[in-house]
There are 2 protein chains.
Amino acid sequence: MSKPRIVLVDDHEILRAGAAKYLAERFDVVAEAGDVAEAVAAIVSTEPDGVLLDVHLPSGSGADVVSGVRAANVDCRFVCLSVSADKRDVVKMLQAGVDGYLVKSTLGDRLPDLVAEALDGSMPVSPQIAGFLLDIDDAVAQEPSIEQLSPREREVVEYIARGYSYRKTAETMFVSVKTVETHMSHIFDKLGVASRHELAIRAFESGLVDGGAS
Amino acid sequence: MSKPRIVLVDDHEILRAGAAKYLAERFDVVAEAGDVAEAVAAIVSTEPDGVLLDVHLPSGSGADVVSGVRAANVDCRFVCLSVSADKRDVVKMLQAGVDGYLVKSTLGDRLPDLVAEALDGSMPVSPQIAGFLLDIDDAVAQEPSIEQLSPREREVVEYIARGYSYRKTAETMFVSVKTVETHMSHIFDKLGVASRHELAIRAFESGLVDGGAS
DNA sequence: TTCGTTATCGTGGTGATCCCTGAACGAAAG
DNA sequence: CTTTCGTTCAGGGATCACCACGATAACGAA
């Protein structure tokens, strides 16, 4: 009776099992995968109608899966399923070309409906996402992000964001304090921040540095 | 036939469904809950043998559930199930008195066994956790953490960590800049940091402040 | 070759941060 | 009652962070 065929991609086996249970009635779960390579292989070989995709995967992100599949000329629809409602994650996935973005915490019974919507062509999003989806252009535009820094500048950021003083950073990099100051000045301009403190926060949030703890 | 009775606590309905599926054969899932209040109520009223507990819950943490249940004089075993292998989370839950700590990514089929182990009295932990569980005493001991600060000092930290200058902080707290300086000096000593920048990073990492952006 | 970018280093300056010393008051603990 | 602790405040000095403005040199693209 031709239920839509879908693939589940998530690094948590338990969550895949849960999703499978909700989806079993209306969909045919043809494969599951726990990392990027597995996922691409599974999707390419099964050519499903849709993929339920986690954003954070070991060995990469959900976006890598999307580009991997597209590179293999396989066409199917992708729906993101993430714990994170973080703006950067959402932007990244939408730019990768996913067809829906759902937040794990806000759905249970409605999951099948939302997946079906995505397969039909509309774009279902969780309420948390819908909120800032409206000004997502702003978000993308105003993101003067880490990428536009030169290698040397990035290096400076890494030390400064970890709490190094200008002097300590200079010593570590074998340059003069004045050079570090100049770099910082340029970094401030490029990232649109005004102090090393704001810079540190930005660096943390964008995952450039990953809080030494743990 | 008296299967052990357990309660599932996690804010993701899908994950509960997945866990339930894995556990159904060997356990009797008597209740599920999605937040702290629900969880405590469910556990107190059903008095299960064990609880599978997420660390991060809306409206609180898993530790709140443990203390809530203990306060009601209900005795049962708790097993943590978290996406996070963060040292602080683990320490917090172990101090709250959980009987096992599992990381979501590293288990599927083995879940029932591990839960059974916890109910039997041993303490199952995921490999990621076991690693630093060995020197957890060090971790706790060498954590010259926020707790040892006086209330007023904590207040200062909150502003400084958010990027306030000494002057702005002083104005906001209706004290002189010199007072803020003194507090900071004491804070530096107690936390073993040397500058407001290190302090900000520490506060950021330990979740005392939560990066205003986004 | 000229231009833009990157990286390097300077002078000079202002305000913020940090350290040291010292001190006063009240509350809690001994 | 004495001691300790938390909170408040101050002077003075050393260092740091940031800004404005400028300079040299290397490299690659237009």
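Begin this tour of a predicted model by selecting the surface near DNA strand C, which by class comprises six nonpolar, nine polar and six charged residues. The residues surrounding DNA strand C number 21, and the closest of them, worth showing as sticks, are A:Ser150, A:Arg152, A:Val175, B:Tyr166 and B:Ser195.

Next, colour the helices on this surface: α8 (151-161) and α10 (177-191) of chain A, along with α9 (166-173) and α10 (177-191) of chain B, each contribute at least two residues to the surface near DNA strand C. Within that surface, α10(B) provides the largest share, namely five residues.

Now select chain A as a whole, where 11 helices and seven strands are found. Of the 214 residues in chain A, 37% are buried, and among the contacts in chain A with a separation of 6 or more, 61% link residues 24 or more positions apart.

Then move to chain B and display its open sheet, in which five parallel strands follow the order β2-β1-β3-β6-β7. Because β2 (28-33) and β7 (101-103) of chain B stand at the edges with a single partner strand each, one side of each has no neighbour in the sheet. From one strand to the next, the twist averages 20°.

Zoom in on strand β6 (residues 77-82) of chain B, which runs parallel to β7(B) and is joined to β7(B) by three bridges; here B:Ser82 is placed opposite B:Val103 in β7(B).

Finally, select helix α1 (residues 13-23) of chain B, which lies across β1 (5-9), β2 and β3 (50-53) of chain B and runs at about 160° to β1(B).

Terms used
Residues numbered from 1 in each chain as written. Chains lettered and ligands numbered in written order. Predicted model: local features only at pLDDT ≥ 70, side-chain atom pairs only at ≥ 80, totals over all residues. Near = placed C-beta within 6 Å. Helix = DSSP H or I, 4+ residues; strand = E, 2+ residues; numbered from the N terminus. Nonpolar A, V, L, I, M, F, W, Y, C, P; charged D, E, K, R; others polar. Buried ≥ 20, exposed ≤ 12 C-beta atoms within 10 Å, placed from the backbone. Contact = placed C-beta atoms within 7 Å. Pairing = 2+ DSSP bridges. Axes fitted to C-alpha atoms, helices over the stretch in contact; angles between N-to-C directions.
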